[in-house]
Amino acid sequence: MIDHTKPLRCNPEVEKKNPIIIALDGKSLAEILPIVEKLCGTGCILKVNDLAFFEGMKIVSRLEPYGRVMLDFKCHDIPNTVSNTLNQLVKNKILPWAVTVHASGGIEMMKKAVETLRGYPTKVLAVTVLTSLNEESCGKVYSSNPTDQVKKLAEMAYVAGVDGLVCSPKEVSMLREISPELTLVTPGVRSPGASSDDQKRIDTPKSALENGATHIVMGRQILGAKDPVAEVKRVLKEELNIY
Ligand code: C5P
């Protein structure tokens, strides 16, 4: 049982050193809590998507005792609606580490998101092309190849003033050239030999970080492991030389 009177979060310095974002996908809050309780000593960022749709924005405050939270809403709507969504966070003083919007929502939409969260600590991250799209499916959606499309969306996002981008590890070095300051988050990350699942444009944690990512998203490889905490520690120690 968790004693909520005691601070669970690890040292901010440990958090800063850990680039792993755990995608807490496809599980209930009851299933997630024991995992994040064990994980909190590692300083991983906790990314919520489907859980936030079910539990609501309050999931952020529920998870914050265990780590920084990335609210992966992937907002994609008209500027006013996106602003209303993000404004609910501000009004309710729910200020996660980051929220996501789709860059394909356009410059005005992203500008509005940035404006709504200006002065608050929450980062706005713009998702470029989903890492589950390959050359062919990207062509069908955008009539363009992943490299050109990611570049185009990233440039729009940069003009809009976002804090960072979400892209595949295959494009991260190209986006690092846009600015040394941007937070660059890469899903589609798998350790050597791990299953790629439905991800198409993938690379290893080490090479994603070497190519300029500031953070790497790992979901199924960690949550599907027999011991998720041991798997996080293994990646940090054996693959990334952190700790
Ligand atoms: O399980 P896996 O490591 O593939 O998890 C990847 C996570 O990253 C999922 O939560 C997915 O929604 C997210 N994501 C992605 N591709 C993007 C943006 C986010 O896979 N471009």
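How far is an oxygen atom of the ligand from a polar backbone atom of Arg220? The distance is 2.7 Å. This comes from a predicted model. Taken alone, the ligand exposes 470 Å², and the protein buries 90% of that area.

**Ligand contacts**

Two further contacts involve side chains. In one, an N or O atom in the side chain of Asp25 is the partner of a ligand oxygen. In the other, a polar side-chain atom of Lys74 faces an oxygen atom of the ligand. The table lists the distances.

| Residue | Protein atom | Distance to a ligand oxygen |
|---|---|---|
| Asp25 | side-chain N or O | 2.5 Å |
| Arg220 | polar backbone atom | 2.7 Å |
| Lys74 | polar side-chain atom | 3.2 Å |

Around the ligand stand 16 residues. Asp25, Lys47, Thr131, Gly219 and Arg220 come nearest. The class make-up of this shell is eight nonpolar, three polar and five charged residues.

**The pocket**

Where does the ligand sit? The space it takes is the largest pocket. That pocket holds about 480 Å³ of space. Its lining counts 27 residues, and those closest to the pocket centre are Asp25, Lys47, Pro187, Gln199 and Arg220. Asp25, Lys47 and Arg220 are also among the residues that come nearest to the ligand.

Sorted by class, the lining has 12 nonpolar, eight polar and seven charged residues.

Which elements each supply at least two residues of the lining? They are strand 3 (69-75), strand 8 (215-218) and helix 11 (220-223). Strand 3 gives the most, with three residues. Lys74, with its polar contact to the ligand, falls within the span of strand 3 (69-75). Arg220, with its backbone contact, falls within the span of helix 11 (220-223).

**Helix 7**

One helix has features described at both of its ends. Helix 7 covers residues 135-142. At its N-terminal end, Asn134 acts as the cap. A side-chain oxygen of Asn134 lies 3.1 Å from the backbone nitrogen of Glu136. After helix 7 comes Ser143. The phi of Ser143 is positive, near 50°.

Key
Residues are numbered from 1 along each chain as its sequence is written. This is a predicted model: local features need pLDDT of at least 70, side-chain atom pairs count only at pLDDT 80 or more; totals for chains, interfaces and linings use all residues. Side-chain values use heavy atoms; hydrogens and water are left out. A residue is near a molecule or strand if one of its heavy atoms lies within 4 Å of it. A polar contact is a pair of N or O atoms within 3.5 Å; within protein, one must be able to donate a hydrogen and the other to accept it, and residues adjacent in sequence count only if both atoms are side-chain atoms. Accessible areas come from the Shrake-Rupley method with a 1.4 Å probe; for residues, only the protein chains shown count as cover. On a 1 Å grid over the protein atoms alone, a cavity is a set of points where a 1.4 Å probe fits but cannot get out, and a pocket is an open set with protein on both sides within 12 Å along at least five of seven lines; lining residues have an atom within 4 Å of a point. A molecule sits in a cavity or pocket if more than half of its atoms lie within 2 Å of its grid points. Ala, Val, Leu, Ile, Met, Phe, Trp, Tyr, Cys and Pro count as nonpolar, Asp, Glu, Lys and Arg as charged, and the others, Gly among them, as polar. Helices (H or I, at least four residues) and strands (E, at least two) are DSSP runs, numbered from the N terminus. Grid points are joined across faces, edges and corners, and a volume is the space filled by probe spheres set on the points.
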